[in-house]
Structure formats: C-alpha cells, structure tokens
Amino acid sequence: MKKLALHWKILLGMILGILFGLVMTNVSGGSTFVGNWIKPFGSIFVKLLKLIAVPLIIASLIKGISDLKDISKFKNIGLKTIAIYIGTTVIAITIGLLLVNVVQPGEGISEETIEKLTKTYANSGSVQAKIAEAAKQKNSSPLQFLVDMVPDNAMAAMSNNKAMLQVIFFAIFLGISMLLIGEKKSNPLKKFFDSLNEVVLKMVDLIMLFAPYAVFALLANVVVSSNDPDLLLALLKYALTVVFGLLLMVAFYMVIVSVFVKKNPFWFLSKISPAQLLAFSTSSSAATLPVTMERVEEHVGVDKEVSSFVLPVGATINMDGTSLYQAVAAVFIAQALGFDLTFADQLTIILTALLASIGSAAVPGAGMVMLVIVLEAVGFPADKLAIGLALIFAVDRPLDMCRTVINVTGDATVSTLVAKSVGKLGDPKPKNWDDHYDEVK
C-alpha cells in the first residue's frame with residue numbers, strides 16, 4: 001500500500017481538529033478539556049520549530065555564503081531578492097485597495113454591530129497592547145530599523161526569535177569573513193557549519209513526523225476559543241474580501257512560477273503545501289521557516305546559496321498577505337466609521353504598509369500593530385483607534401492564519417524565481433528521516 005503523502009496527513013489532521021473542536025464546543029467543559037489536554041501538544045510542536053529556526057538560519061546561511069566562489073553573486077542575489085519582495089508587496093497592497101473600494105464591505109456594518117464589537121473588544125488588553133506597541137514603533141527614528149538590524153551581542157540575538165534580522169546580519173558577516181580569509185583557514189569552521197546544517201535539517205524531518213497530530217491540536221484549540229458566531233457573521237463580507245484578495249495573490253504567484261520559472265504551478269503548490277498548511281495552523285511564518293526551507297531546497301530544487309538568504313529575509317520583511325490585509329482593513333474601518341479617505345490617503349497606505357512590513361516581526365498578531373501605524377499615517381482619529389481595531393478583532397485570528405499562508409507562499413515563490421534567474425534551480429532531492437537509520441539501529 002502506498003504511503004500517504006505528508007501534506008494529505010496534515011490536511012487530515014486539520015479537518016479532524018476542526019471537527020473535534022466543533023464537537024467539544026457543544027460539550028460541557030469541552031473547551032477546558034481542549035485547553036488542558038490537547039492544546040499543549042500544538043504548543044510543543046510550535047516551540048520545536050522555533051527551537052531550530054535560529055540554528056538553521058545560521059548554519060544554512062553561512063554554508064551558502066562560504067560555498068560561493070564569487071562574492072559578487074551574493075550581491076546579485078541580495079539586490080534581486082529585495083527588489084522582488086518590494087514589488088510583490090506593492091502589488092499585494094494595490095490588490096487589497098482595489099478590492100475594498102469596489103466591494104465596500106464597511107458600508108454594510110450596522111450601528112448595532114459596531115456598538116457590540118466596541119463593547120466586546122475596544123477595552124481588551126490585547127487591543128490596547130497593540131496600540132501601545134504601534135506607538136513605540138512610530139516614535140522611533142526613520143533609520144531605526146537599520147540600527148535594530150545590527151546586534152551588539154550575537155548570543156543575545158540568537159536567543160530571541162524576534163531578532164531574525166540580527167541573526168541574518170551576523171551570519172552574513174561571518175560567512176563573508178570566512179570567504180575573505182581563504183579556503184584553507186576557513187575549512188574547519190565551514191565543515192562544522194556544513195555538519196550542523198545537515199543535523200538541523202534532519203531535526204526538521206523528525207519534527208514533521210509529529211505535524212499531523214500537532215495541527216489537529218492547534219486547529220481544535222482555535223475552534224473552541226473562537227468568538228461570538230453572530231459577530232463573525234456580521235463581518236463575513238469584510239473577511240471574504242480579504243480572503244478573495246489573498247486568493248488573487250496566489251494566482252499572481254502561480255503566474256510567476258509558470259511564466260518566469262517555467263514550472264507547473266500545481267506541481268509547485270503540491271511541493272510546498274506542507275509549509276502552507278503549517279503556516280495556516282501556526283499563524284507564524286517564522287515558526288514555519290524551517291519547513292519552508294526544507295521543502296524549497298529538497299522538494300523544489302532551489303540551491304542552498306539562494307534559499308538560505310532569500311527565505312530568512314522573506315520571513316522577516318516580506319509580508320504580502322499581511323500588507324494586503326492591512327489595506328483592506330484600514331479602508332474597511334474608515335468606511336464603517338465614516339472617515340473619508342482621499343486618493344492621496346490611499347497612496348499613503350501603500351507606502352506606509354510597505355515600510356511597516358519591513359520592520360514587523362514574523363509572529364501571530366504583528367499585522368494588527370502594523371495596521372495601527374497605517375491608520376495613524378492617514379490621520380485616523382486617535383480616540384477611535386481602539387474602536388477601529390475592535391471592529392476587526394473578532395475575525396483577526398482566522399484571517400491571520402490565511403494571510404500567513406500567503407506570506408510563506410510568497411517567500412517560496414520569490415526564492416524559486418531568484419534561483420531560476422541566477423541558474424541555481426536544480427532537480428529536487430528529497431530526504432527522509434530514516435535515510436541513515438539502518439546504520440545506527
């Protein structure tokens with residue numbers, strides 16, 4: 001009997017998790033049971049993925065750079081990556097703005113719904129925390145993101161998953177320095193990082209054995225902790241506008257894969273689907289990064305020289321799904337609360353959302369902080385910010401899950417495109433967790 005492919009196992013785990021969650025919401029004490037006995041397994045899985053994210057970035061990035069024979073190649077890869085990421089983000093924001101102006105989901109929100117949402121969420125600690133975090137980011141200097149990129153303590157940066165750019169900076173700096181001292185002197189260190197890279201990728205394979213059960217736990221917990229169904233229904237038009245925009249982004253990526261990479265888009269989607277499904281379950285492109293790297297390198301055929309730079313950078317600065325969501329959410333809030341946005345305001349949204357995406361952390365809920373920055377940039381009244389966030393808070397978690405899928409798909413697409421453009425897209429060479437098991441059993 002043919003073994004069931006990993007993405008089908010994960011999908012089955014997701015479906016069963018949703019069904020189990022729905023059953024437990026109708027059972028007395030079901031929500032508590034899921035929180036106490038099911039949710040921890042999902043939390044452990046996400047922790048394991050985050051555990052190996054930093055070692056994987058360091059090992060693979062240093063290996064990728066130290067393998068280069070011509071350092072100018074790295075500059076070429078870097079410039080192309082940043083340019084393409086900026087381009088796709090601008091397209092995502094533009095799609096969001098066009099859709100929300102055509103559909104106008106904010107026009108259908110009743111005063112009663114606004115009042116109920118405000119009462120439920122406006123004073124919640126989570127909403128207030130997002131506003132406070134946005135104020136902190138807004139008050140920083142224009143070049144603060146460059147200052148934040150350079151660590152003053154490499155070990156401290158490696159111990160903080162939110163400091164991905166600092167880890168990337170250190171790894172690139174170390175890799176280039178290894179190149180400059182010559183192959184003979186750098187060889188012992190290079191062998192260490194080569195070996196570390198193989199070990200961490202094997203850890204990814206082992207962690208992924210647990211993935212179907214973990215997504216069951218994660219999705220079951222999302223369902224039992226979901227908000228008032230009536231409020232979700234009231235925001236359905238807004239949510240569908242965001243989801244339709246995200247689907248248009250997937251179609252855009254598939255055109256890139258088909259036209260520029262010359263690959264079958266359905267083949268591409270099937271190869272990266274485990275990473276997409278995990279992105280949906282965890283709502284974190286940073287947590288999904290180890291799996292994205294493994295799928296792109298081993299199953300799509302992107303060379304490590306490209307993937308080791310493009311994907312970690314993408315997980316930090318490329319947030320196409322989140323940027324599209326911000327465009328829709330900002331205009332939706334303005335429509336619902338009767339705040340007129342001019343054409344100039346909408347251009348401001350494009351620029352601000354682009355800049356905010358670069359400095360935002362690749363963790364659940366970061367999009368809400370970015371949204372506050374975008375709203376303040378167009379002059380949205382400060383006293384109505386909490387009400388604005390309350391309007392979309394009920395559906396933020398499910399939409400966060402959807403937009404993270406687009407973030408990860410965008411990262412994988414751009415890495416494949418860059419690899420194709422520099423002649424670093426080869427044949428897939430998948431590895432299994434038990435490839436060397438016979439040697440040690």
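Good morning. A helix, in this talk, is a DSSP run of at least four residues, and helices are numbered from the N terminus. The structure above is a predicted model.

Let us begin with helix H15, which covers residues 304-317 and contains Thr316. Is Thr316 buried or exposed? Its relative accessible area is 9%, and buried means under 20%, so Thr316 is buried. The side chain of Thr316 also has a partner: it reaches the backbone oxygen of Pro312 at 3.0 Å.

I turn now to the nonpolar interior. In soluble globular proteins, nonpolar side chains tend to be buried together. In this model, the largest nonpolar core has 123 residues. Which residues have the most contacts inside that core? They are Tyr238, Ile333, Leu371, Leu391 and Ile392. Helix H2, residues 30-66, supplies the largest share of this core, with twelve residues. There is also a second, separate core of six residues, and among them are Met24, Ile38, Ala217 and Ala220.

Tyr238 deserves a separate word. Setting aside residues up to four places away in sequence, Tyr238 touches Pro105, Tyr325, Val328, Ala329, Phe332, Ile392, Val395 and Leu399.

One of those partners, Ile392, brings us to helix H19, where it is among the buried residues. Why is helix H19, residues 385-393, described as largely enclosed by the rest of the structure? The reason is that eight of its nine residues are buried. These are Leu385, Ala386, Gly388, Leu389, Ala390, Leu391, Ile392 and Phe393.

Another helix, H18, spans residues 366-377 and includes Val372. Val372 has a relative accessible area of 0%, and therefore counts as buried. Which residues does Val372 contact, leaving aside neighbours within four places in sequence? They are Lys130, Ile131, Ala134, Leu385 and Leu389. Two of these, Leu385 and Leu389, are also buried residues of H19. Val372 and Leu389 are 17 residues apart in sequence, while their C-alpha atoms are 8.0 Å apart in space.

Finally, let us look at the surface. A nonpolar patch of about 750 Å² is made there by Leu4, Trp8, Leu12, Ile15, Leu16, Ile18, Leu19 and Leu22. Leu4 is found in the segment before helix H1, which runs over 6-25. How should we classify Leu4: buried, partly exposed or exposed? Its relative accessibility is 47%, and because partly exposed covers the range between 20% and 50%, Leu4 counts as partly exposed.

Thank you for your attention.

Key:
Residues numbered from 1 in each chain as written. Predicted model: local features only at pLDDT ≥ 70, side-chain atom pairs only at ≥ 80, totals over all residues. Heavy atoms only, no water. Core = buried A, V, L, I, M, F, W, Y, C linked by side-chain atoms within 4.5 Å. Buried < 20%, exposed > 50% of the residue type's maximum accessible area, 1.4 Å probe, protein only. Helix = DSSP H or I, 4+ residues; strand = E, 2+ residues; numbered from the N terminus. Contact = heavy atoms within 4.5 Å. Patch = residues over 30% accessible without salt bridge, like charges linked within 9 Å, V, L, I, M, F, W, Y side chains within 5 Å. Areas by Shrake-Rupley, 256 points an atom, 1.4 Å probe, with all protein chains shown as cover. Salt bridge = Lys/Arg side-chain N within 4 Å of Asp/Glu carboxyl O. Polar contact = N/O pair within 3.5 Å; in protein donor to acceptor, adjacent residues only side chain to side chain.
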